[in-house]
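User: Please take me through this chain by question and answer. Keep it brief.

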Amino acid sequence: MSRSVLSAALGLALAAGLAALPGTAVAAPAAQAASGYTASASAGSAYAGSAAEAADNQAFFQAVMASAKAKQAADPSLATVVVTYDASSAPSFRTQISQAAQIWNGSVGNVQLRAGSAADFRYYEGNDPRGSYASTDGHGRGYVFLDYQQNRQYNSLRVTAHETGHVLGLPDHYSGPCSELMSGGGPGTSCTNPYPNGAERSRVNSLWARG
């Protein structure tokens, strides 16, 4: 649950000992922006996020939207934007990823998540002292990383749904209540709510309606 950090490339983070991705995740795109599930719950102190992390969230969302909207433009008959994800590199979390997609698909109407090979973003798993995070290189590629230890400490479905919320355009809000999905680990390990609240659902629908 350490503070999210920026890195010019995932390779640099690996060299610095900041990340230890499993073999399936080594091929993940180089990342210059990352935003974690929570920043300091393990340290017992509050953390409100930063402007840099907010910009990172926005960059990831814009990259995913650009990819998904390009495919929609190729098929104008599609009334709803479909965001495709690949969970093949996070086999331990396949159930949570599928359930998180179902939660979001049942919560919003202007964008839907679907598993597929022509992915707009991917999930990876492994060990990382930063915990779980959403990351992008700012050039149309991105992924969600799910950390083993954090997903044992916190409710795994909530962690996965929260990180997926970044994909759909929502920022972190660690000071929020448990009923707010994007409060992440702020409310503590006892919070198990994996559902976005009304304001979060409305925000996602608004973002994807405008495109």
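Analyst: Helices (H or I, at least four residues) and strands (E, at least two) are DSSP runs, numbered from the N terminus. On that basis the elements of this predicted model run α-β-α-β-α-β-β-β-β-α-α-α from the N terminus on.

User: How many helices and strands are there in the chain?
Analyst: The order of elements is α-β-α-β-α-β-β-β-β-α-α-α. Counted by type, the chain has six helices and six strands.

User: Where in the chain is confidence lowest, by element?
Analyst: The mean pLDDT of the chain is 78, and 73% of its residues reach 70 or more. H3 has the highest confidence, at 98. Confidence is lowest, at a mean of 24, in helix H1 (residues 10-15).

User: Over which residues is the pLDDT below 50?
Analyst: Where pLDDT is low, the predicted coordinates should not be read in detail. One such stretch has 83 contacts in the model beyond near neighbours in sequence, and its pLDDT is below 50 over residues 1-32. Another has twelve such contacts, and the stretch is residues 40-47.

User: Which residues touch the most other members of the largest nonpolar core?
Analyst: In soluble globular proteins, nonpolar side chains tend to be buried together. Here the largest nonpolar core holds 37 residues. Those touching the most other members are Val83, Trp104, Phe121, Tyr123 and Trp208.

User: Which elements give two or more residues to this core?
Analyst: Both helices and strands contribute. The strands are E2 (81-89), E3 (111-115), E4 (121-126) and E6 (142-147). The helices are H2 (51-74), H3 (94-107), H5 (156-167) and H6 (198-210).

User: Which residues does tryptophan 208 touch, not counting residues up to four places away in sequence?
Analyst: Trp208 is one of the core residues that touch the most other members. Beyond its sequence neighbours, tryptophan 208 touches Phe61, Val64, Met65, Ala68, Val81, Val83, Asn110, Val111, Val167 and Leu168.

User: How many residues of H5 are buried?
Analyst: Of the 211 residues of the chain, 52% count as buried. H5 is mostly covered. Its buried residues include Arg158, His162, Glu163 and His166. The count for H5 is twelve of its twelve residues.

User: What distance does H5 reach from its first C-alpha to its last?
Analyst: H5 has twelve residues. At 1.5 Å a residue, 16 Å is expected. The model comes close to that, at 17 Å.

User: Which residue has a side-chain oxygen that reaches the backbone nitrogen of leucine 157?
Analyst: This contact sits at the start of H5. The oxygen comes to within 3.3 Å of that nitrogen. It belongs to asparagine 155.

User: Which residue with a positive phi follows H5?
Analyst: The phi in question is near 110°. The residue is glycine 169.

User: Which cysteines does a disulfide join?
Analyst: The count comes to one disulfide. Its S to S distance is 2.0 Å. The partners are cysteine 178 and cysteine 191. Both lie in the loop between H5 and H6, 13 residues apart.

User: Is this disulfide of cysteine 178 and cysteine 191 right-handed or left-handed?
Analyst: The torsion about the S-S bond is about 90°. The disulfide is therefore right-handed.

User: Is cysteine 191 buried or exposed?
Analyst: Its partner, cysteine 178, is partly exposed at 28% relative accessible area. Buried means under 20%. Cysteine 191 has 3% relative accessibility, so cysteine 191 counts as buried.

Key: Residues numbered from 1 in each chain as written. Predicted model: local features only at pLDDT ≥ 70, side-chain atom pairs only at ≥ 80, totals over all residues. Heavy atoms only, no water. Core = buried A, V, L, I, M, F, W, Y, C linked by side-chain atoms within 4.5 Å. Buried < 20%, exposed > 50% of the residue type's maximum accessible area, 1.4 Å probe, protein only. Contact = heavy atoms within 4.5 Å. Disulfide = S-S within 2.5 Å. pLDDT = per-residue confidence, 0-100. Expected span 1.5 Å × (residues − 1). Polar contact = N/O pair within 3.5 Å; in protein donor to acceptor, adjacent residues only side chain to side chain.
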